[in-house]
Amino acid sequence: MVRDGYFYGVGLLAAAALLFWLASWPLALIPALLAAFFLWFFRDPERVIPSGEGLIVSPGDGLVTEAIRLETPNGPRQRISIFLSVFDVHVNRSPIAGTISAVRYQKGKYLNAMNPASADQNEQCIVTVRDGETEVTFKLIAGLLARRIVFTQATGNVIGRGDRVGLIKFGSRVDVLVPAEAELRVKPGVRVKGGASVLAAMPVRDEARS
């Protein structure tokens, strides 16, 4: 479980115990139920990380809402958008192994994360991971309820595929920009799990096959 879960859960359980002692059990029931929700919301299950050359895994749990090609200042890319509801695990993971080459925090709005405009206008943390010639950028985007993005890594850190990198609280969106030549393994409507689901695969180099 993420540390925030203990912070919210224990505090609310203490409030429930106090209300039970000083007032009545119906009043204590409300903070007790909220404590159960927060302890569940901040769960952090272990995941089996796929192995294999060139695999790009999902940085978050949720529903794939879009998979498109687009032009960026760095050339053509494919963007996979994932919507995280309050029922999904909100711990985020690195899509590939490599070195974090850039981290940029951008202030913005709190539009509904299902709105495509949220990808550019909402508050977000933009992270780029590079492994040799492969570069993957992912955005942790705040939503209507999500008002805080926690990113626990820094530029220059070396991380593994599927390593934990942060948390978005209370519903949100994650966009992943993968190279144009990557083969997509998901499509809109598919549910994915952070660190465990393969979003795309880079072409396997000839030397890797031999």
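**Exercises on Ser81, strand β11 and the cores**

Apart from neighbours within four places in sequence, Ser81 is in contact with Leu63, Val64, Thr65, Glu66, Arg173, Val174 and Asp175, where contact means heavy atoms within 4.5 Å. The model is predicted: local features need pLDDT of at least 70, side-chain atom pairs count only at pLDDT 80 or more, and totals for chains, interfaces and linings use all residues. Residues are numbered from 1 along each chain as its sequence is written, and side-chain values use heavy atoms, with hydrogens and water left out.

**Exercise 1.** Place Ser81 in its strand, decide whether Ser81 is buried or exposed, and find its side-chain polar partners.

Step 1. Ser81 lies in strand β3, residues 75-84; strands (E, at least two residues) are DSSP runs, numbered from the N terminus.

Step 2. The relative accessibility of Ser81 is 0%, so Ser81 counts as buried (under 20% relative accessible area; exposed is over 50%, partly exposed in between; 1.4 Å probe, protein chains only).

Step 3. The Ser81 side chain makes polar contacts with the side chains of Arg173, at 3.1 Å, and Asp175, at 2.9 Å. A polar contact is a pair of N or O atoms within 3.5 Å; within protein, one must be able to donate a hydrogen and the other to accept it, and residues adjacent in sequence count only if both atoms are side-chain atoms.

**Exercise 2.** Determine which strands pair with β11 and why β11 is largely enclosed.

Step 1. β3 and β11 run antiparallel, joined by eight bridges; two strands pair if DSSP finds at least two bridges between them.

Step 2. Asp175 in β11 is the bridge partner of Ser81, and the Asp175 side chain is also in polar contact with that of Ser81.

Step 3. β7 is likewise antiparallel to β11, through six bridges. Here Ile141 has Arg173 in β11 as its bridge partner.

Step 4. Eight of the eight residues of β11 are buried, so the rest of the structure largely encloses this strand.

**Exercise 3.** Describe the largest nonpolar core and the strands that supply it.

Step 1. This core has 28 residues, and Phe138, Leu140 and Phe151 have the most contacts inside it. A nonpolar core is a set of buried Ala, Val, Leu, Ile, Met, Phe, Trp, Tyr and Cys residues joined through side-chain atoms within 4.5 Å.

Step 2. At least two residues come from each of several strands, including β3, β7 and β11.

Step 3. β7 gives the most, with four residues.
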